[in-house]
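Let's walk through this structure together, one piece at a time. Keep the picture open beside you as you read.

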Amino acid sequence: MSIPINYNPNIPRPKDKFNTSQPQMLQNFASLYAAFAKNHVPLDATNNPGNHNVIELTNQTEQFQTSAGEISAYSKTLPSKALALFLRYQGNQSEFSYTNYQTQIFKTPNVNSTYVTYLPGNMICYFGECGNVGYVELKPFISKNLVTAIFTRLGTNLSGNPPDITLEKDSDGIIQKVLIDKFFYFFFILTNA
Amino acid sequence: MTYDPTIPQGEPSPAVQQPEVQTNFSQFASVFSSTSGGVIYNHSALNSANQGKHEAILLQDVVTHPTILNPNGYIALYNVAGQINVRIPVFNRGPPNVPMGLTAPTVNTSGTPNYQSFLAGSYIVYWGKAVKGTPISLSPVPSSLVSVIALPNSGNNLYDIGASISGSTFTLNSVNAPGGYQFSFMAIGLQ
């Protein structure tokens, strides 16, 4: 992306002739208009000028400072490499990620499927229905710690006991599967990434 | 009187262009920050202590999801069909950056008949109590019900428990819980 270098905050200068400052002012008004229209309804729109069409938050590397009465919202990269929306409450309280990995690509409404979403604070929620295969796969594979795992048997055949669970991790310590006994279950699993 | 990005032009005298320039300065300030009913919209006003920061942000319905091609650039927050969506950059490798809903049309905190909120990704989550063997119909009706978790609510917490889904309705089953026994549940569906 090219960087526009059109807006000049130092014009007009006191001794400039008008035929010098006129095109400079024209350029500044045009630049203001174009920059503002990037995320907003244009300045000369008949309806709702100044409202936002979209809020594009560029990747930040530092926490934003927040004074009393302010909340800052900004984007930052998570350890999972995903860019996320971060919030920081007033008075420079600890920042936290409000969003996490994109989740809708995993929303396939099939039997025996696992769905995934997140809670603010880098928590990942996996839920759904597992067949009697003996495990729940925690995809995307970004979970480091199991926080809680709750299972409810599916159907009316309720013989046996609540499942004992063990974890299958890769060499980096990322959870791949939650291993359980072979019954049909509904499940809700919470991890952090 | 609207902002004009094409002024001042060369020929007219400064006397002609002065009101055009003044209009642009004035219009920019009023569009940048507007106040209605004591609420400041979009940006803190120029010449205020917080100038340039945001106040109550109004997001127009953009109808279609924006495209993000830069893998490292930015995330986008926007409104489609009255709901806030987020789109993250496309990954260099792997899955596409599918738009994701952050909100849902309704939140029920009254508890009548059940509590309901939402999870990012356009999921609806329901909580409440359900009597053994009595079908529970959820509101708002999910397009698909994908998980039901239930636990004994009181008394003998060793009661067995199972759940059956039929469309957007579920029923809790138990062999050893007495008739009329209430279980606590959490259910998750798709919008």
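What follows looks at a helix, an interface, the salt bridges and two single residues.

## Before we start

This is a predicted model, so local features need pLDDT of at least 70, side-chain atom pairs count only at pLDDT 80 or more, and totals for chains, interfaces and linings use all residues. Residues are numbered from 1 along each chain as its sequence is written, chains are lettered from A and ligands numbered from 1 in the order in which they are written, and side-chain values use heavy atoms, with hydrogens and water left out.

## A helix in chain A

Let's begin with helix H1 of chain A, residues 18-36. Helices here are DSSP runs of H or I with at least four residues, strands are runs of E with at least two, and both are numbered from the N terminus. How far should the 19 residues of this helix span? At 1.5 Å a residue the expected figure is 27 Å, and the end C-alpha atoms are 26 Å apart, which agrees. The expected span is 1.5 Å times one less than the number of residues.

Which residues of H1(A) are buried? They are A:Ser21, A:Gln22, A:Met25, A:Asn28, A:Phe29, A:Ser31 and A:Phe36. Buried means under 20% relative accessible area, exposed means over 50%, and partly exposed is in between (1.4 Å probe, protein chains only). An α-helix has 3.6 residues a turn, so residues three or four places apart point the same way. Part of the cover over the buried residues of H1(A) comes from the other chain: it includes helix H1 (14-32) of chain B.

## Where the chains meet

How many residues take part in the contact between the chains? There are 70 in chain B, touching 58 in chain A; contact means heavy atoms within 4.5 Å. Between them the chains bury about 5400 Å², with 67% of it on carbon and sulfur atoms. Buried area is the accessible area (1.4 Å probe) that two parts lose on being put together, summed over both. On the chain B side, B:Tyr3, B:Gln60 and B:Ile75 lose the most area to chain A, together 12% of what that side buries.

The rule also finds 22 residue pairs in polar contact across this interface, both residues at pLDDT 80 or more. A polar contact is a pair of N or O atoms within 3.5 Å; within protein, one must be able to donate a hydrogen and the other to accept it, and residues adjacent in sequence count only if both atoms are side-chain atoms. The largest share of the side of chain B that touches chain A, eight residues, comes from H1(B). By class, that side has 44 nonpolar, 23 polar and three charged residues. Ala, Val, Leu, Ile, Met, Phe, Trp, Tyr, Cys and Pro count as nonpolar, Asp, Glu, Lys and Arg as charged, and the others, Gly among them, as polar.

## Salt bridges

Side chains of opposite charge can pair when their charged atoms come close. A salt bridge is a side-chain nitrogen of Lys or Arg within 4 Å of a carboxyl oxygen of Asp or Glu, and the whole structure has three over all chains. One of them crosses the interface: A:Glu70 pairs with B:Lys53, the closest N and O atoms being 2.6 Å apart. A:Glu70 lies in the loop between strands S1 (54-60) and S2 (72-77) of chain A and B:Lys53 in the loop between strands S2 (39-42) and S3 of chain B, so the pair joins two chains. A:Glu70 is buried at 16% relative accessibility, while B:Lys53 is partly exposed at 39%.

Inside chain A, A:Glu95 pairs with A:Lys76, with the closest N and O atoms 2.6 Å apart. A:Glu95 sits in the loop between strands S3 (83-88) and S4 (96-97), and A:Lys76 in strand S2, so the pair ties together parts that are 19 residues apart in sequence. A:Arg13 also pairs with A:Asp16, at 4.0 Å between the closest N and O atoms.

## Two residues to find

A:Ser75 is in strand S2 of chain A. Is this residue buried or exposed? At 0% relative accessibility, A:Ser75 counts as buried. Its side chain reaches the backbone oxygen of A:Leu57 at 2.7 Å. Leaving aside neighbours within four places in sequence, the contacts of A:Ser75 include A:Thr58, A:Leu83 and, from the other chain, B:Ile75.

Now find B:Asp160, in the loop between S9 and S10 of chain B. B:Asp160 is buried, with a relative accessible area of 19%. The C-alpha atoms of B:Asp160 and B:Val175 are separated by 6.5 Å, though the two are 15 residues apart along the chain. Not counting residues up to four places away in sequence, B:Asp160 touches several others, among them A:Leu158 and B:Phe183.
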